[in-house]
Amino acid sequence: MRLIHRQSELILPSEITPREVVEERRDFIRKLALGSIASAGLLEMAGRRAFAQSIGGQGTHLAASANTNYVVMDKKTAYKDATTYNNYYEFGTDKSEPAQTAGSLKTRPWTISIEGLVKKPLVLDLDSLMKLAPMEERIYRLRCVEGWSMVIPWIGFSLSNLIKKVEPTGSAKFIEFTSLADKKQMPGLQSGVLEWPYVEGLRLDEALHPLALLTFGMYGEVLPNQNGAPVRVVLPWKYGFKSAKAIVKIRFTSEQPRTAWNQAAPREYGFYSNVNPEVDHPRWSQSSERRIGEDSFFAKKRKTLMFNGYPEVASLYSGMDLKKYF
Ligand code: MTE
């Protein structure tokens, strides 16, 4: 299914670049930045238009500069797969349901409240939030606890930009993310599969790690609703369920937050939930994964990597028994 491009009040139709063109341009820019095409003049020419900021609704172009420190060289997951195979229980438990039912979610106006143990609490509208730092494109692996994975070009900036702005107090040790829970818009809330709203959390030092991405777009566009519009987090070294979608509240706490999946099944879903091939889920192995798009009959499973292949986070957990703190 291809999403219908909704026209934003903020950009003219003539300014909307088709996704394929944007993607092609981004690949070109990335190759330039990586040195495979060596001409600064060409980079400037190709980049000038792509980097012009514009903020629209679902499906509209979202400008960002490629951050070459965060590029996974694996083949990117096809846009169609990433936008039609989703976990988003507020819109149903079947992978195909969010793409069918989330389209009507109203993502504007949207406010996000940043509260709790901070010196400068804030209520921000989406545009102000998006302007806090320059947008970057980062290609991350996403590993779901269910045993599949994708490679997605996300757009956003490090969550640390927002955290520093609100100035956490000395007693803030954790950060809690709350997703929207609106029965009128989210048919999945009728089911008792989870306690709503969807809540996730991190230790404050994890949230400050530069990899933790406050995310507004993917594949050169504003996030499709089924992928967590208008704002979500993406934490690539953790199982996908830690990456809460459609965030309306961020709260700083001294105590470890009670998270939705941990409450639903504490033996199965720990607070940390770092990708770890050595710690099996009680009902299945976590040592390998199926890459979405590579699932032909003959396709081999991939070995799952410690921290999903992001060893730079290891120091956050030094001295911790990761079997106990799974
Ligand atoms: N956030 C909310 N609010 N509700 C959800 O059901 N599912 C999680 C996570 N964030 C979920 C959520 C799970 S299990 C995964 S694997 C990822 O979103 C999937 O993100 P994607 O659909 O963009 O691939």
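These legends walk through several close-up views of a predicted model.

**View 1. The whole chain, before zooming in.**
The protein chain has 8 helices and 13 strands. Out of its 326 residues, 54% are buried. Contacts that reach across the sequence are a big theme here: take the contacts with a separation of 6 or more, and 71% of them link residues 24 or more positions apart. The accessible surface comes to about 14800 Å², and carbon and sulfur atoms hold 55% of that.

**View 2. The largest nonpolar core and its busiest members.**
This core counts 84 residues, and the ones that touch the most other members are L159, F177, L214, F216, W237, I250 and F252. Strand β5, running over residues 148-158, gives the most to the core, with 7 residues. In soluble globular proteins, nonpolar side chains tend to be buried together. Pick out L214 and look around: leaving aside residues up to four places away in sequence, L214 touches L129, I155, G156, F157, S158, L159, L162, V231, R232 and V233.

**View 3. Strand β8 and its partners.**
How many residues of β8 are buried? The count is 6 of the 6, so β8 is largely enclosed by the rest of the structure. With β5, strand β8 pairs in the antiparallel sense over 5 bridges, and that is where I155 stands opposite G217. Strand β10 (residues 232-234) is joined to β8 by 3 bridges, again antiparallel, with V234 as the bridge partner of L213. Strand β9 is also antiparallel to β8, with 2 bridges between them; here M218 faces E221.

**View 4. The turn of the β8–β9 hairpin.**
Strands β8 and β9 make a hairpin with 2 residues between them. Y219 sits in the loop between β8 (213-218) and β9 (221-222). Its phi is positive, about 50 degrees, even though Y219 is not a glycine. Is Y219 buried or exposed? With a relative accessible area of 2%, Y219 is buried.

**View 5. E167, another residue with positive phi.**
E167 is not a glycine either, and its phi is near 55 degrees. Look for E167 in the loop between α6 (160-166) and β6. At 28% relative accessibility, E167 counts as partly exposed.

**View 6. Two cis peptide bonds in loops.**
One cis bond joins R108 and P109, with omega about -5 degrees. P109 belongs to the loop between α4 (97-101) and β2 (111-116). The bond from W196 to P197 is cis too, with omega near 0 degrees. To find P197, go to the loop between β6 (174-179) and β7 (199-203).

**View 7. The ligand and what surrounds it.**
Which residues are closest to the ligand? Of the 17 residues that surround it, the closest are Y89, E90, R232, S243 and K245. A backbone N or O atom of Y89 is 2.8 Å from a ligand oxygen atom. K245 brings a polar side-chain atom to 2.7 Å from an oxygen atom of the ligand. On the side chain of S179, an N or O atom is 3.0 Å from a nitrogen atom of the ligand. On its own the ligand has 530 Å² of accessible area, and the protein covers 98% of that.

**View 8. W261 and its surroundings.**
W261 is part of helix α8, residues 260-264. Its relative accessible area is 16%, and since buried means under 20%, W261 counts as buried. Among the residues W261 touches, beyond those up to four places away in sequence, are Y89, L194, Y198, F241, P266 and Y269. Y89 also turned up in the ligand view, as one of the closest residues there. The C-alpha atoms of W261 and V193 are 9.8 Å apart, although 68 residues separate the two along the chain.

**View 9. The two faces of strand β12.**
In a regular strand the side chains alternate between the two faces of the sheet. Strand β12 (residues 288-291) shows this: E289 and R291 point to one face and are buried, while S288 and R290 point to the other and are not. β12 runs parallel to β5, with 2 bridges joining them, and R291 is the bridge partner of S149. Strand β13 (residues 302-303) runs antiparallel to β12, also with 2 bridges, and there S288 stands opposite K303.

Conventions: Residues are numbered from 1 along each chain as its sequence is written. This is a predicted model: local features need pLDDT of at least 70, side-chain atom pairs count only at pLDDT 80 or more; totals for chains, interfaces and linings use all residues. Side-chain values use heavy atoms; hydrogens and water are left out. A nonpolar core is a set of buried Ala, Val, Leu, Ile, Met, Phe, Trp, Tyr and Cys residues joined through side-chain atoms within 4.5 Å. Buried means under 20% relative accessible area, exposed over 50%, partly exposed in between (1.4 Å probe, protein chains only). Helices (H or I, at least four residues) and strands (E, at least two) are DSSP runs, numbered from the N terminus. Contact means heavy atoms within 4.5 Å. A residue is near a molecule or strand if one of its heavy atoms lies within 4 Å of it. A polar contact is a pair of N or O atoms within 3.5 Å; within protein, one must be able to donate a hydrogen and the other to accept it, and residues adjacent in sequence count only if both atoms are side-chain atoms. Accessible areas come from the Shrake-Rupley method with a 1.4 Å probe; for residues, only the protein chains shown count as cover. Two strands pair if DSSP finds at least two bridges between them.
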